[in-house]
Amino acid sequence: MAAGYNWLLVLCSVFLCNLVKTCLPSISSFLSRVLQKDAAQEMEMRTEIQNMRLELSTINMMDEFARYARLERKINKTTDKLKTHVKSRTAQQAKMKWVVNIVFYILQAALMVSLIWKYYADPVTVLPSKWISPLERLVAFPSGVTGGVGITCWLVVCNKVVAIGLHSIS
């Protein structure tokens with residue numbers, strides 16, 4: 001009885017993999033925000049720079065040149081520090097995106113290989129031979145059952161159909 005639902009198991013697996021694939025950017029962004037500890041410090045530096053710029057706008061450059069120059073150097077130093085923080089955060093986000101994608105694709109490949117391994121000899125479904133007549137051997141691979149649809153062909157078809165369906169929805 002369970003062998004009759006191979007097609008549904010494969011279809012659900014492919015659907016879930018494609019659904020998770022569309023959510024990968026959100027997942028990596030969420031993980032970066034959770035693991036990031038410098039967000040509060042960046043906001044503090046931005047506020048500090050704004051306050052210093054407000055103070056700088058109140059100082060007359062001709063009358064208080066030394067004070068004006070010190071404050072301007074401090075603004076530049078804080079701005080450079082902020083740029084460094086933003087670059088490191090961006091690099092961390094890119095690294096997190098890369099790691100999440102690699103982990104996902106490894107898990108997806110392991111799932112697909114395990115499905116192929118488990119249902120290697122069983123056809124997903126059996127169709128009349130004349131429906132798939134010129135491609136019968138290719139469609140039946142690896143099961144070799146006449147008129148059968150093999151797991152690899154079914155995986156390819158399901159993956160394409162689900163990808164097109166999810167793409168048209170989003």
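Me: Is Glu64 exposed, partly exposed or buried in this model?
Reply: The model is a predicted one. The relative accessibility of Glu64 is 33%. Buried requires under 20% and exposed requires over 50%, so Glu64 counts as partly exposed.

Me: Which residue forms a salt bridge with Glu64?
Reply: A salt bridge needs a side-chain nitrogen of Lys or Arg within 4 Å of a carboxyl oxygen of Asp or Glu. For Glu64, the closest N and O atoms of the pair are 3.1 Å apart. The partner is Arg67.

Me: Which residues do the shared salt bridges join into one network?
Reply: A search of the whole structure finds four salt bridges. Those that share partners join three residues into one network: Glu42, Arg46 and Arg89.

Me: How many residues apart are Arg89 and Glu42?
Reply: Arg89 forms a salt bridge with Glu42, with 3.2 Å between the closest N and O atoms. The pair links distant parts of the chain, as Arg89 is in helix 3 and Glu42 is in helix 2 (residues 39–58). Both residues are buried. Along the chain, they are 47 residues apart.

Me: Which helices hold Glu55 and Arg67?
Reply: Glu55 forms a salt bridge with Arg67, the closest N and O atoms lying 3.3 Å apart. This pair links distant parts of the chain, 12 residues apart. Glu55 is partly exposed at 33% relative accessibility, and Arg67 is partly exposed at 36%. Glu55 belongs to helix 2 and Arg67 to helix 3.

Me: At which residue of helix 1 does the kink lie?
Reply: Helix 1 covers residues 6–35 and has a kink of about 50 degrees. The kink comes shortly before the proline Pro25. The residue is Cys23.

Me: Against which helices do the buried residues of helix 1 pack?
Reply: The buried residues of helix 1 include Asn6, Val10, Cys17, Leu24 and Ser32. They pack against helix 3 (65–118) and helix 5 (151–169).

Me: What is the area of the nonpolar surface patch made by Val20, Ile27, Phe30, Leu31, Val34 and Leu35?
Reply: One of the patch residues, Ile27, lies in helix 1. Patch residues need over 30% relative accessible area, and Ile27 has 33% relative accessibility. The patch area is about 480 Å².

Me: Is the aromatic pair of Phe104 and Tyr105 stacked, tilted or edge-to-face?
Reply: A search of the whole structure finds one aromatic pair. Phe104 and Tyr105 form an aromatic pair with 5.1 Å centre to centre and 70 degrees between the planes. Phe104 is buried at 10% relative accessible area, whereas Tyr105 is partly exposed at 40% relative accessibility. Since planes over 60 degrees apart count as edge-to-face, the pair is edge-to-face.

How values were computed:
Residues are numbered from 1 along each chain as its sequence is written. This is a predicted model: local features need pLDDT of at least 70, side-chain atom pairs count only at pLDDT 80 or more; totals for chains, interfaces and linings use all residues. Side-chain values use heavy atoms; hydrogens and water are left out. The bend at a residue is the angle between axes fitted to the seven residues ending there and the seven starting there. Helices (H or I, at least four residues) and strands (E, at least two) are DSSP runs, numbered from the N terminus. Buried means under 20% relative accessible area, exposed over 50%, partly exposed in between (1.4 Å probe, protein chains only). Contact means heavy atoms within 4.5 Å. Rings of Phe, Tyr and Trp (its six-membered ring) pair if their centres lie within 6.5 Å; planes under 30 degrees apart count as stacked, over 60 as edge-to-face and the rest as tilted. Patches are made of residues with over 30% relative accessible area and no salt bridge: like charges are joined within 9 Å, nonpolar side chains (Val, Leu, Ile, Met, Phe, Trp, Tyr) within 5 Å. Accessible areas come from the Shrake-Rupley method with a 1.4 Å probe; for residues, only the protein chains shown count as cover.
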